[in-house]
Amino acid sequence: TVVCPRGHSCAIGSQVPAPCALGRFAQIEGLEVCETCPERFTCQAPGTTNPTPCPAGSYCPQNNSSPIPCPIGTFAPLGSLAAESECRLCPPGLYCSSVGLTEPTGRCL
């Protein structure tokens, strides 16, 4: 019997552990199926053992394998967002000219 390592799944009867797919993880040994990466986190590499908090300027829905940048006109100074709706709108008098900002680009003239 194969002892399934962290970051892998072992289907019943499997002889070879399979790395968890992107967007999934396995923190403990012996899982038959890898767990879905929770919202506010990202699982960017095959064989992830611990989900990484979503970085500032982005949001990470459930099953995330690549943080999604907040859109133009918004920013996110803190990480761990789950949805685009959590990105902050650029305040009056300031502009946010690109995606994935952690602070407004500057003041309007």
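# Briefing: disulfides, core and polar links

Taking a disulfide to be a pair of cysteine sulfur atoms within 2.5 Å, the count for this structure comes to six disulfides. The model is predicted, and every value below is computed from it. When the bonded cysteines are counted along the chain, the disulfides of the protein chain pair in the pattern 1-2, 3-4, 5-6, 7-8, 9-10, 11-12. Besides these links, the structure holds one salt bridge, and its largest nonpolar core is made up of five residues.

**Disulfides and a cysteine outside bonding distance**

- One of the disulfides is formed by Cys37 and Cys43, whose sulfur atoms lie 2.2 Å apart, and both of these cysteines are buried.
- The torsion about the S-S bond of Cys37 and Cys43 is about 85 degrees, and the disulfide is therefore right-handed.
- Another disulfide joins Cys70 to Cys87, with a distance of 2.0 Å from S to S; here the torsion about the S-S bond is about -75 degrees, so the disulfide is left-handed.
- This pair of Cys70 and Cys87 links distant parts of the chain, 17 residues apart, since Cys70 is in the loop between β8 (68-69) and β9 (74-75), while Cys87 is in the loop between β9 and β10 (88-89).
- Both Cys70 and Cys87 are buried.
- Cys90 and Cys96 also form a disulfide, with their sulfur atoms 2.1 Å apart, and this link is right-handed, with 80 degrees about the S-S bond.
- Cys90 is buried, with a relative accessible area of 18%, and Cys96 is buried as well, with a relative accessible area of 6%.
- Cys108 has Cys90 as the partner with the closest cysteine sulfur, but the distance of 7.3 Å is too far for a bond.
- The relative accessible area of Cys108 is 43%, so this cysteine counts as partly exposed.

**The largest nonpolar core**

- The largest nonpolar core consists of Tyr59, Cys70, Ala76, Leu81 and Cys87, and among its members are Cys70 and Cys87, the two cysteines that a disulfide joins.
- As a general background, nonpolar side chains in soluble globular proteins tend to be buried together.
- Within this core, Ala76 is in contact with Cys70 and Leu81, and its contacts beyond four places in sequence also include Ala56, Gly57, Ser58, Leu101 and Thr102.

**The salt bridge and two residues with positive phi**

- The side chains of Arg40 and Glu86 meet in a salt bridge, with a distance of 2.8 Å from N to O.
- The salt bridge links distant parts of the chain, with Arg40 in the loop between β4 and β5, Glu86 in the loop between β9 and β10, and their positions 46 residues apart.
- As a general matter, side chains of opposite charge can pair when their charged atoms come close.
- Arg40 counts as partly exposed because its relative accessibility is 30%, and Glu86 likewise counts as partly exposed, at 31% relative accessibility.
- Arg40, in the loop between β4 (35-36) and β5 (41-42), has a phi near 80 degrees, which is a positive value in a residue other than glycine.
- Ser80 has a positive phi as well, of about 65 degrees, although Ser80 is not a glycine.
- Ser80 lies in the loop between β9 and β10, and at 29% relative accessibility this serine counts as partly exposed.

**Two buried polar residues**

- Asn64 is found in the loop between β7 (58-59) and β8, and this residue is buried, with a relative accessible area of 5%.
- A polar contact of 2.8 Å joins the side chain of Asn64 to that of Thr42.
- Leaving aside neighbours within four places in sequence, Asn64 is in contact with Gly23, Cys37, Phe41, Thr42, Cys43 and Tyr59; among these are Cys37 and Cys43, which form a disulfide, and Tyr59, which belongs to the largest nonpolar core.
- Ser9 is found in strand β1 (residues 8-9) and counts as buried, at 16% relative accessibility.
- Apart from neighbours within four places in sequence, Ser9 is in contact with Cys4, Pro17, Ala18, Leu31, Glu32, Val33 and Cys34.

Methods. Residues are numbered from 1 along each chain as its sequence is written. This is a predicted model: local features need pLDDT of at least 70, side-chain atom pairs count only at pLDDT 80 or more; totals for chains, interfaces and linings use all residues. Side-chain values use heavy atoms; hydrogens and water are left out. Buried means under 20% relative accessible area, exposed over 50%, partly exposed in between (1.4 Å probe, protein chains only). Helices (H or I, at least four residues) and strands (E, at least two) are DSSP runs, numbered from the N terminus. Contact means heavy atoms within 4.5 Å. A nonpolar core is a set of buried Ala, Val, Leu, Ile, Met, Phe, Trp, Tyr and Cys residues joined through side-chain atoms within 4.5 Å. A salt bridge is a side-chain nitrogen of Lys or Arg within 4 Å of a carboxyl oxygen of Asp or Glu. A polar contact is a pair of N or O atoms within 3.5 Å; within protein, one must be able to donate a hydrogen and the other to accept it, and residues adjacent in sequence count only if both atoms are side-chain atoms.
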